[in-house]
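The following paragraphs guide a reader through a structure, beginning with its ligand and ending with the chain as a whole. The sequence and the model are shown here.

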Amino acid sequence: MKDATKFAHLGRPKVGVGTSVNPPIIRASTLLFDKADDLYNGGHRIYGRHGSPVHDALSEAFCALENGAGTTLTPCGLAANTASILANVKAGDHILVTDSTYGPVRHFCNTQLTKFGVETEYYPPGIGAGIEALIRENTSCILLESPGSLSMEIQDLPAIVKAAKARDIVTIVDNTWSAGLVYAPLDMGADIAVHSATKFFSGHGDILFGAVVSRTKSMAKKVAATAMAFGNSTSPDDTYQILRGFRTVVTRFEQQSKSAVALATWLEAHDKVLRAVHPALKSHPDHAMWQRDFTGASCLFSIVLKPCPETEVLALLDQLKLFAKGFSFGGFESLVIHCDPQLTRNHDPKFDGPLIRVSCGLEDLDDMKADWQHSLGLLA
Ligand SMILES: Cc1ncc(COP(=O)(O)O)c(C=O)c1O
């Protein structure tokens with residue numbers, strides 16, 4: 001069954017007479033029991049943090065999306081990343097994290113893992129099988145993000161998984177860019193796929209949410225126990241909205257991705273633009289690897305402008321009318337940010353002009369082009 005069909009029907013209540021289309025929202029911190037013995041007698045939920053039927057339905061949907069054995073829902077995508085790491089490290093460990101990781105994950109590693117005696121080493125995203133040389137006796141996990149945040153490098157997941165498996169190291173892949181629809185890290189042997197569901201599954205820029213999908217039941221148990229111990233839980237209302245987003249995610253994702261590839265191609269031909277950085281474009285250095293490992297594109301890409309002062313970059317962004325300035329992607333509304341102030345890297349990604357990240361929403365492609373045509377035309 002294709003994803004679009006699967007997600008229209010997954011996690012729906014069994015139809016009786018006048019059944020609601022989606023599972024109902026049950027709001028409860030306290031759960032009540034008519035027998036005292038049931039308070040401590042395991043095997044059922046005893047408190048709101050343990051979820052509800054709508055949580056079960058959404059977990060099932062994420063497992064189906066990633067072909068996983070278990071899902072832990074988290075309050076946001078950052079918490080999904082941190083829960084995955086914390087479930088797999090102990091004091092004295094060393095972890096390898098892609099240099100192209102999402103900035104706040106880097107901040108977590110540098111400010112929090114250090115407190116627990118866990119050392120983070122950032123590796124260049126293009127390392128592939130070369131990762132073997134960085135693996136130490138105490139390396140416990142490798143965190144990948146493909147394509148990388150802002151700079152959009154594709155990682156050689158099969159090569160990294162092979163090196164990791166040989167040394168019993170856990171691989172975690174942030175799969176937010178693909179929404180799990182065009183990239184299947186668990187099928188390629190990774191242990192964990194992480195999502196910021198804030199992006200495509202919310203789809204409307206109004207909910208923070210995350211999910212950790214594990215390939216095996218034992219890993220899923222480990223992540224769930226860690227997330228629970230740290231107090232991660234999600235509200236039934238937000239959980240419901242993310243499940244609702246699943247119903248339409250395939251159509252939105254395809255439409256937005258189609259616009260993004262067309263806009264990136266158009267922008268690349270513009271005389272004020274040095275190049276577009278989208279792995280679906282032939283000009284992308286990792287295009288062949290993207291073709292090998294992905295089945296489609298996504299709505300998020302970057303462009304490199306011809307060198308110009310920062311004041312001009314800011315003026316360009318301020319002129320855009322449809323592309324609002326905001327830090328996210330995957331929603332119905334097009335967004336844009338300039339990246340240079342947050343392009344923190346140990347291994348220089350070497351862009352030869354200002355880097356701008358673009359997320360295509362559901363607006364008409366011609367209107368998107370017109371917006372850029374007008375704004376770029378004002379550059380000196
Ligand atoms: C790749 C990636 N992972 C994780 C996150 C964090 O997600 P959230 O905002 O839901 O915490 C983001 C947010 O932009 C992201 O781009």
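In this predicted model, an N or O atom in the side chain of Ser196 is placed 2.9 Å from an oxygen atom of the ligand. Lys199 offers a comparable approach: a polar atom of its side chain lies 2.9 Å from an oxygen atom of the ligand. Asp174, by contrast, addresses a nitrogen atom of the ligand, and the distance from a polar atom of the Asp174 side chain is 2.7 Å. How much of the ligand does the protein bury? Taken alone, the ligand exposes 390 Å², and the protein buries 92% of that area.

The surroundings of the ligand may now be considered in full. The ligand has 14 residues around it, and the closest are Gly77, Asp174, Ser196, Thr198 and Lys199. Sorted by class, this shell is made up of six nonpolar, five polar and three charged residues. Which helix gives the most to the shell? Helix H4, formed by residues 77-86, does so, with three residues. The space that the ligand takes is the largest pocket.

From the ligand, the account turns to the chain. Eleven helices and twelve strands are present in the chain. Along the principal axes, the C-alpha trace spans about 75 × 55 × 35 Å. The radius of gyration of the chain is 21 Å, which agrees with a compact globule, because a globule of 380 residues would have a value near 21 Å.

Two details of the backbone deserve attention. The first concerns the peptide bond from Ser146 to Pro147, which is cis, with omega near -5°. Pro147 belongs to the loop that runs between strand S4 (139-145) and helix H6 (157-166). The second concerns Asn67, a residue other than glycine whose phi is positive, near 60°. Asn67 is located in the loop between helix H3 (53-66) and strand S1 (70-74).

Methods. Residues numbered from 1 in each chain as written. Predicted model: local features only at pLDDT ≥ 70, side-chain atom pairs only at ≥ 80, totals over all residues. Heavy atoms only, no water. Near = heavy atom within 4 Å. Polar contact = N/O pair within 3.5 Å; in protein donor to acceptor, adjacent residues only side chain to side chain. Areas by Shrake-Rupley, 256 points an atom, 1.4 Å probe, with all protein chains shown as cover. 1 Å grid on protein atoms, 1.4 Å probe; cavity = no way out; pocket = protein on both sides within 12 Å on 5 of 7 lines; lining within 4 Å. Sits in = over half its atoms within 2 Å of the grid points. Helix = DSSP H or I, 4+ residues; strand = E, 2+ residues; numbered from the N terminus. Nonpolar A, V, L, I, M, F, W, Y, C, P; charged D, E, K, R; others polar. Rg over C-alpha atoms; globule rule 2.2 N^0.38 Å.
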